[in-house]
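Visitor: I have a structure open and would like to go through it. Can you take me over the main points?

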Amino acid sequence: MQIPKIKRVKGELRVPSDKSITHRAFILGALASGETVVYNPLISEDTKATLSILKALGTQVKTQGNTVVLEGTNYSFREPEDVLDARNSGTTARIMTGVLSTQPFFSVITGDESLRSRPMLRVVEPLRQMGASIDGREDANRLPVSIRGGELKGISYFNKKASAQVKTALLLAGLRAEGMTEVLEPYLSRDHTERMLKLFGARLITVPEEKAHIVKIKGGQELTGTEVHCPADPSSAAYFVALATLAPEGELLLKEVLLNPTRDGFYRKIIQMGADLSFNDVREISNEPVADITVRPAKTLKPVSVKPEEVPSLIDELPILAVLMAFADGVSEVRGAKELRYKESDRIRAIVENLRRMGVEVEEFEDGFAIKGTKKLRGAKIETFGDHRIAMAFTIAGLLTDEEVIIDRPECVSVSYPNFWEDLMRVVELR
Ligand code: S3P
């Protein structure tokens, strides 16, 4: 796909709902007793994978316009007849491995080629400690993995990588384990599960400490079906915020964007760079903070550095942040982000390689990169590696580059943002 050239941004946009929150609303709804109504969920390839797995496990699901209604099973799934396919979705695979560890039957989870190469031991190891039998290639570090669950006991686990997928898998397994399950993290990872568990009536204890964040949950609690309203995804809004920041002129309003402090690192960082954002009507939706954001072009962008402790709050936004860094006045650096290598693609490689193709000076580190900003990017053929976030980030770079930019596999955006191209065309005036 050849990327057009932008003259200005205009209008307003409500980007699709948050992916992390939608996965959790579907999964908690299926685990609760009674009905759960999810308003405005994200319907994309990843969240469809979660829904089809929940259906294969016996959950009744109805879609009515913009809402999805789930009939909760109260943690009583039925043994699936076939392999469960998480497709491209790491969140689905890891969280469902935790959920299936509570079930006294045999199940197998697999995924597409990218997901089958991503690490699973981070979640398999603690679940084994809780008592689940999990098997697979490389000691079950790679999908497909088979799970035989039931009879779990609570553990205390140090979640060294601050992975919210791991934390969620353990908390949802912990709800059906004997005694207390405790997850400690060096930095607080996204806390949507904790917030949503409270909506479903669960009690949990959170202890923010200097050295570690701790969350504890007592086994044997029931979840009660409820209503969940999903806010707009800050990771999807980030592409448009970057576009409006770099555009020659115009103004863009992004509505109802989730601004949870464990997810807003990108927004805080680009304000440091000199981006012109204003946050209006800050409010709460289903226990999550949201705001409307007005974005105007920045006159200049200052270089910034991202430190390891800042990474969890902006991990999924690093590809688009790297594009902004490529336009900054100096050298920016990201460190402590080795986890980027284990996402839908090796995102450090993908960022470094594609920025170099566009003529940007980039240094690659094992755990990050340094980018020397330039005013003019060169035309290039971009390789997305089939990764939605690389495709969207480099589309924004392409819109701002005078020379020809071509993106391969543009359809991969449907993993998180099926209408990305249509929404983009609504808010830009082209040259
Ligand atoms: C997610 C957690 C993060 C994030 C992913 C979604 C979640 O991954 O990168 O896109 O919904 O829990 P990790 O748990 O691997 O940090």
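Guide: We can go through domains, cores, a helix, a sheet and one residue, bearing in mind that this is a predicted model.

Visitor: Domains, then. Where are the bounds?

Guide: The domain assignment gives domain 1 as 6-16 + 231-430 and domain 2 as 19-229. Their C-alpha centres lie 28 Å apart.

Visitor: How many residues does each domain put into the contact?

Guide: Domain 1 contributes 29 residues and domain 2 contributes 28.

Visitor: And how much area do domain 1 and domain 2 bury between them?

Guide: About 2300 Å², with 51% of it on carbon and sulfur atoms. On the domain 1 side, T262, E344 and V415 lose the most area to domain 2, together 21% of what that side buries.

Visitor: Switching to packing. How many residues are in the largest nonpolar core?

Guide: That core has 81 residues, and F240, F266, Y267, L321 and F369 are those with the most contacts inside it. Helix α9, residues 234-246, supplies its largest share, nine residues.

Visitor: What is F266 in contact with, leaving aside its neighbours within four places in sequence?

Guide: F266 touches A238, V241, S313, L314, E317, I320, L321 and L324. Separate from the largest core is another one of 62 residues, including L28, Y75, A93 and V166.

Visitor: A93 sits in α3, I think. Is that helix buried or exposed?

Guide: A93 is one of the buried residues of α3, as are R94 and T97. Eleven of the eleven residues of α3 (residues 90-100) are buried, so the helix is largely enclosed by the rest of the structure.

Visitor: Now sheets. In what order do the four strands of the open sheet come?

Guide: The order is β4-β5-β3-β16, with mixed pairing. At the edges are β4 (60-64) and β16 (227-229), each paired on one side only. Neighbouring strands there are turned by 15° against each other on average, direction ignored.

Visitor: How many bridges join β3 to β5?

Guide: Five, and the two strands, residues 35-39 and 67-71, run antiparallel. Within that pair, T36 of the one strand stands opposite L70 in β5.

Visitor: Last one: R148. Where is it found?

Guide: R148 belongs to strand β9, residues 142-148. R148 is partly exposed, at a relative accessible area of 48%.

Visitor: What does R148 contact, beyond neighbours within four places in sequence?

Guide: Q103, F105, F106, A132 and S133. The C-alpha atoms of R148 and A132 are separated by 6.2 Å, with the two residues 16 apart along the chain.

Key. Residues numbered from 1 in each chain as written. Predicted model: local features only at pLDDT ≥ 70, side-chain atom pairs only at ≥ 80, totals over all residues. Heavy atoms only, no water. Core = buried A, V, L, I, M, F, W, Y, C linked by side-chain atoms within 4.5 Å. Buried < 20%, exposed > 50% of the residue type's maximum accessible area, 1.4 Å probe, protein only. Contact = heavy atoms within 4.5 Å. Pairing = 2+ DSSP bridges. Axes fitted to C-alpha atoms, helices over the stretch in contact; angles between N-to-C directions. Domains from an automatic or database assignment. Buried area = accessible area lost by both parts, 1.4 Å probe.
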